[in-house]
Amino acid sequence: MLFSSIEFIFRFLPLFLICYFVMPERGKNAVLFLGSLVFYAIGEPVYVLLMLGSIIVNYGAARGVAAAKKNGKKGWQRFCLLEALVIDLGALFLFKYFDFFAENMNLLLHQEVVPLLHLTLPLGISFYTFQMISYVADVSMGNIDDPGTFLEFATYLSMFPQLIAGPIVQYKEVSAQLRKRRVTLPMFEQGLEIFCLGLGAKVLLANKISIFWNQVQGIGFSSISTPIAWMGAVAFSFQIYFDFWGYSLMAMGLGAMMGFQIPRNFSVPYMSRSATEFWRRWHITLGRFFREYVYIPLGGNRKGRVRTICNIFVVWALTGLWHGASWNFVLWGVGFFVLLVAEKNIYGEFLKRHSIFSRLYMWILIPVSWMVFEITDLKQLLIYLAQMAGIHAAPVLVGKDQLMRYIWQYGWLFGVCALCATWLPVRLYRRFKGRFVTVVVCLAVFWLSVYEIHQGAANPFLYFRF
């Protein structure tokens with residue numbers, strides 16, 4: 001079920017909130033857990049059982065780890081942790097990566113040695129798998145003193161605001177709120193405002209700018225001019241940002257309405273001055289996961305330059321693969337590995353000293369990197385990148401005249417998106433939060449979004465496919 005749908009906004013959410021607030025405090029976790037299962041079952045009824053099985057396995061493993069730590073049984077502690085990792089990552093590999101592995105193995109051997117399974121990817125499996133791993137790992141590392149009750153863990157993992165596309169919430173961030181939370185009217189109102197603004201980012205910006213990117217795809221990459229190729233790349237850059245940022249805002253807003261503080265996932269990433277800074281601002285909770293549970297356990301930067309570079313490579317190869325089972329994602333991840341190592345060892349200080357150059361560097365890098373991310377067919381990707389570079393292997397059929405029409409039709413939307421990608425909307429909200437003007441703006445954004453959804457403008461969030 002989409003947050004940006006009539007069914008969610010006017011049916012599921014009101015009915016859920018009535019049940020949630022009527023229930024006494026001791027029963028709220030049960031309502032949230034059952035409501036989250038219903039929310040998930042509407043989209044993925046079969047895979048509810050997979051999620052329930054994962055909850056049982058990981059809670060049992062965490063309890064085993066906690067008991068082993070208490071009794072000084074390090075061998076049993078490692079076994080329980082390894083058991084959880086093997087099951088969690090095994091399920092993720094089976095559903096997400098098995099066919100990718102099989103296809104490449106068969107291609108390498110020139111015969112079908114490994115049959116394809118053609119399994120449907122369960123919604124949100126990449127996100128809730130990482131949450132389960134972080135939970136068991138934190139219990140093992142002593143970051144969580146008490147694994148909590150089964151219901152608390154089940155509620156944490158299945159909580160519908162962040163179940164499908166994050167943020168990747170750590171158990172220790174919400175453990176106190178799972179035990180006891182209080183929702184005040186100002187808190188509920190602020191959560192509602194954040195939800196409305198996130199809805200607007202998704203429906204009024206991401207969905208609208210996606211129309212242009214879809215047109216560029218429909219034309220055919222070999223037929224477009226260099227300016228239109230750049231416009232398409234910028235359009236997708238805005239689409240994926242406002243799509244994912246919008247979802248994250250809605251998740252934060254829904255969490256606040258129920259008494260939870262869900263961590264932010266973005267901090268104006270398109271204002272970054274280096275790739276390193278960009279990844280501190282984009283998908284913050286994913287970067288945190290790889291830093292705390294992969295990079296640091298591998299040794300981080302504590303074992304010399306060569307080992308540090310190897311650790312960074314592992315992180316970014318995994319980051320690319322996490323987003324999808326396709327070679328373009330591997331290329332995308334390895335590309336950022338090269339950039340981050342180069343910034344760290346060669347020209348990072350230069351970027352810090354030259355603000356104009358560093359801005360131009362990122363404004364070129366961001367659209368190019370998103371094309372590597374978006375276009376899964378490597379041949380088509382090469383064609384598109386060549387068009388962006390001004391290398392045309394075929395006659396350009398869509399050129400200057402069509403460019404001017406696109407500028408006239410979409411120029412205002414590009415301008416609005418560019419403005420909203422700066423610090424301006426964040427600072428305006430912080431300044432006017434709680435005032436009447438904010439309520440009016442949020443109501444306007446809400447009803448405009450509802451109108452667009454009713455007109456058929458809603459489409460799935462991009463990160464649902466990961």
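1. A quick definition to start: contact here means heavy atoms within 4.5 Å. Please also keep in mind that this is a predicted model.

2. Let's begin with helix α3, residues 48-70. Its 23 residues should span 33 Å at 1.5 Å a residue, and the end C-alpha atoms are indeed 33 Å apart, so the expected and modelled spans agree. Just after α3, G72 takes a positive phi of about 70°.

3. Which residues of α3 are buried? They are V48, M51, S54, I55, N58, Y59, A61, A62, G64, V65 and A68. An α-helix has 3.6 residues a turn, so residues three or four places apart point the same way. It is worth keeping that in mind as you trace the list on the model.

4. What covers these buried residues? The cover includes α2 (28-43), α4 (74-109), α5 (125-141), α6 (150-158) and α7 (160-163).

5. Now to Q215, which sits in helix α9, residues 185-219. Q215 counts as partly exposed because its relative accessibility is 30%, and the partly exposed class lies between 20% and 50%.

6. Which residues does Q215 touch, apart from its neighbours within four places in sequence? Q215 is in contact with Y406 and Y410. With Y410 there is also a polar contact of 3.0 Å between the two side chains. As for G320, it is 105 residues from Q215 in sequence and 27 Å from Q215 in space, C-alpha to C-alpha.

7. Finally, a surface feature to look at: F10, L443 and W447 make a nonpolar patch of about 320 Å². Of these residues, W447 lies in helix α19, residues 436-454.

Key: Residues are numbered from 1 along each chain as its sequence is written. This is a predicted model: local features need pLDDT of at least 70, side-chain atom pairs count only at pLDDT 80 or more; totals for chains, interfaces and linings use all residues. Side-chain values use heavy atoms; hydrogens and water are left out. Helices (H or I, at least four residues) and strands (E, at least two) are DSSP runs, numbered from the N terminus. The expected span of a helix is 1.5 Å times one less than its number of residues. Buried means under 20% relative accessible area, exposed over 50%, partly exposed in between (1.4 Å probe, protein chains only). A polar contact is a pair of N or O atoms within 3.5 Å; within protein, one must be able to donate a hydrogen and the other to accept it, and residues adjacent in sequence count only if both atoms are side-chain atoms. Patches are made of residues with over 30% relative accessible area and no salt bridge: like charges are joined within 9 Å, nonpolar side chains (Val, Leu, Ile, Met, Phe, Trp, Tyr) within 5 Å. Accessible areas come from the Shrake-Rupley method with a 1.4 Å probe; for residues, only the protein chains shown count as cover. A salt bridge is a side-chain nitrogen of Lys or Arg within 4 Å of a carboxyl oxygen of Asp or Glu.
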